Amino acid sequence: MSVSGKVAIAGVYEHPARWAPNKTENQIMAECARGALDDAGLALSDVDGLFAAGIGMGIMGVVNLAEYLNLKPDYLDGTNIGGSSFVAHVSHAAAAIHAGMCEVALVLYGSTAASNAMAIGTGMGSGGRDPHGAFVGPYGMTTVGSYAMVAQRHMNTYGTKSEQLAQIAAATRFHASLNPQAKMRDPIEVEDVLASRVISSPLHLLDCCIISDGGGAVVVTSVARAKDLAKKPVIVQGCGEAVCHQEVGTPDLLTVAAKQSGEKAFRMAGLAREDVDFCTIYDSFTITVLVTLECLGFCKPGEGGSFVEDGRIRLGGALPVNPDGGGLSSNHPGMRGIFLVIEAVRQLRGECDGRQVEDAKIACVHGTGGILGVSHSGATLLLANEAG
Amino acid sequence: MPKEIEYTAQPYDWETRAYWEGCGRHELVLQRCRDCGAVQHRPRALCVSCLSDAIEHFAASGRGTVHTFTVTNQNGLPAFREACPYVLAYVALDEGPQLMTNIVGCEPAEVEIGMRVVVEFCDVEGEAGEGAAAVPRFRPA
């Protein structure tokens, strides 16, 4: 009954651009579609399901994209739940394929966030001039500020240190130094993070993701179809989604959507946390990674600070996280979830050269969308290669 | 010396009107369900604990505790740029609900989680509801 083991990722592509002022977002998505279909050994004419989301993609967005690509798919999904959307698109595509609604699903994202000078962290968080936004709007909440309030609460509750959050930034930068496509490749140490200016206490500049242009594409199809394609299939073993909001009742800022979506994904996959070889986790800020690791169950609540010390999440450690350099150092064109899927697939295929996770068989992918300390979505995937 | 955040009259609709009218009277208005007793904020037409329509409004104590906060040093929006550094916080009200706000009346470095705070109202230009528009914020109790 479950979709576990029935659907595969057959093609992926990460746009190499980090600065693309002369490209349109549709163009970036189309170039990514070409890349991922080439990777899979498929043609545009094979695509019968289209999945996309974007910051500027409102009503009709996915329809306009189909028009741009001259596609007439049988299945459309424009779900936009923030940066996690593309992780959710993979599970939606898996469900649609398993149900026979489409056979070859194309998931797309493209953005020129950097060349549009979009101040994602500090210029657009405060809510609109509408009755809903009025409970946030007056107070100057930024995106980073909402995550910073989660970090402050975590530190107060559990004694988590800025040094521990900085370990996440330093490990991720180390990974980026091994990724020729990463935007920020000069290694940093914990001291560098602590010495960088405080944007919104307790988060420093180097606790925050970068802003880049970019895009990506993922091709999803049935395991049966994937077996005959160009690359070894990466199997969808488990998926889950969740929403978390802090408004009514007694809010718990430290239990994020990853707890609900992760439990569902692990249950569906029949896998234990110990089975996972590496993670790709949305690292909008260092605190996002820390609370996500806790809520996915890789450590207990409050233990995230000590968990990320001593190289555990670095390549060669027990649970490497974001081996591509993540949003903290490789790329972050506004909504980063698609790259979590892409890197997990490349690692599971053994294509990652200097940053390859040794003997990688099972990946846990988790995307966070929205504003962590206010309302956010979570989407988890468990992916495996044929050895997993 | 940073400028204070200059609040403006806030847009409302019929679900949120009683809250902003309360602010105009310098009362922090919350909702209570007459059927199940749940207290909720932000205001809604229905009780989201039991989906009853029997919602009543009441003036809260205006007292609470800092649940968490951040000192904002960077905000690119012109309305907030010159107010940096300012304190953004969640205050857990004594009645239960938690709301986002600013903490004023002390140095940002003096704000701590667990600090007792009390509401104050900042009158602003324009009308929201029937009373004068005002925006609630909190200071050390």
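# Notebook: salt bridges, strands and patches

**Entry 1. A:Asp39 and its partners**

I began with a salt bridge between A:Lys231 and A:Asp39, where the closest N and O atoms are 2.4 Å apart. This pair links distant parts of the chain, with the two positions 192 residues apart in sequence. I found A:Lys231 in the loop between helix H7 (223-226) and E8 of chain A. A:Asp39 sits in helix H1 (residues 25-40) of chain A. I note that the model is predicted.

Are the two residues buried or exposed? A:Lys231 is partly exposed, at a relative accessible area of 29%. A:Asp39 has 12% relative accessibility and counts as buried, because the cut-off for buried is under 20%.

I then looked for another partner of A:Asp39. A:Arg349 also meets A:Asp39 in a salt bridge, at 2.8 Å from N to O. A:Arg349 lies in the loop between helix H12 (337-348) and strand E10 (362-371) of chain A, and A:Asp39 is in helix H1, so this pair ties together parts 310 residues apart in sequence. A:Arg349 is buried, with a relative accessible area of 16%.

I reminded myself of the general idea. Side chains of opposite charge can pair when their charged atoms come close.

**Entry 2. Other salt bridges**

Next I checked a network. Salt bridges with shared partners join A:Glu14, A:Arg18, A:Glu343, A:Arg346 and A:Arg355 into one network. I also looked up A:Lys23 and A:Glu31, whose side chains form a salt bridge of 3.1 Å, N to O. A:Lys23 is partly exposed, with a relative accessible area of 27%. A:Glu31 is buried, at 15%. How many salt bridges are there over all chains? The count comes to 23.

**Entry 3. Strand E1 of chain A**

A:Glu14 led me to strand E1 (residues 7-14) of chain A. This strand is mostly covered, with seven of its eight residues buried. Which strands pair with E1(A)? I found strand E7 (residues 214-222) of chain A, joined to E1(A) by seven bridges and running antiparallel. Opposite A:Glu14 in E7(A) stands A:Gly216. I also found strand E8 (residues 234-245) of chain A, which pairs with E1(A) in the antiparallel sense over two bridges. There, A:Ala8 has A:Ile235 of E8(A) as its bridge partner.

I added a general note here. Strands of a sheet pair through backbone hydrogen bonds, either parallel or antiparallel.

**Entry 4. Surface patches of chain A**

I turned to the surface. A:Glu163, A:Glu189, A:Glu191 and A:Asp192 gather in a patch of negative charge. A:Glu189 is in the loop between helix H5 (162-177) and helix H6 (190-195) of chain A. A:Glu189 is partly exposed, with a relative accessible area of 44%.

A:Pro180 lies in the loop between H5 and H6 too. A:Pro180 is exposed, at 66% relative accessible area, because the cut-off for exposed is over 50%. How far apart in space are A:Pro180 and A:Glu191? They are 25 Å apart, C-alpha to C-alpha, and 11 residues apart in sequence.

I also looked up a nonpolar surface patch of about 420 Å². A:Ile59, A:Met60, A:Val63 and A:Leu76 make this patch. A:Met60 lies in the loop between strand E2 (49-52) and helix H2 (61-68) of chain A.

**Entry 5. Chain B**

I moved to helix H1 (residues 17-24) of chain B. Six of its eight residues are buried, so the helix is largely enclosed by the rest of the structure. Among the buried residues are B:Tyr19, B:Trp20 and B:Cys23. Just after H1(B), B:His26 takes a positive phi of about 60 degrees.

Then I traced a sheet. In what order do its three strands stand? The order is E2-E1-E3 (chain B), in an open sheet with antiparallel pairing. Strand E2 (39-40) and strand E3 (55-59) stand at the edges with a single partner strand each, so one side of each has no neighbour in the sheet. Strand E1 (residues 29-33) of chain B pairs with E2(B) over two bridges. B:Gln31 has B:Gln40 of E2(B) as its bridge partner.

Last, I looked at strand E4 (residues 63-72) of chain B. Eight of its 10 residues are buried, and the strand is mostly covered. E4(B) pairs with strand E5 (residues 86-93) of chain B in the antiparallel sense, over eight bridges. The bridge partner of B:Phe69 is B:Ala89 in E5(B).

Key. Residues are numbered from 1 along each chain as its sequence is written. Chains are lettered from A and ligands numbered from 1 in the order in which they are written. This is a predicted model: local features need pLDDT of at least 70, side-chain atom pairs count only at pLDDT 80 or more; totals for chains, interfaces and linings use all residues. Side-chain values use heavy atoms; hydrogens and water are left out. Patches are made of residues with over 30% relative accessible area and no salt bridge: like charges are joined within 9 Å, nonpolar side chains (Val, Leu, Ile, Met, Phe, Trp, Tyr) within 5 Å. Accessible areas come from the Shrake-Rupley method with a 1.4 Å probe; for residues, only the protein chains shown count as cover. A salt bridge is a side-chain nitrogen of Lys or Arg within 4 Å of a carboxyl oxygen of Asp or Glu. Lys and Arg count as positive and Asp and Glu as negative; His and the chain ends are not counted. The place of a charge is taken as NZ of Lys, CZ of Arg, CG of Asp or CD of Glu. Helices (H or I, at least four residues) and strands (E, at least two) are DSSP runs, numbered from the N terminus. Buried means under 20% relative accessible area, exposed over 50%, partly exposed in between (1.4 Å probe, protein chains only). Two strands pair if DSSP finds at least two bridges between them.
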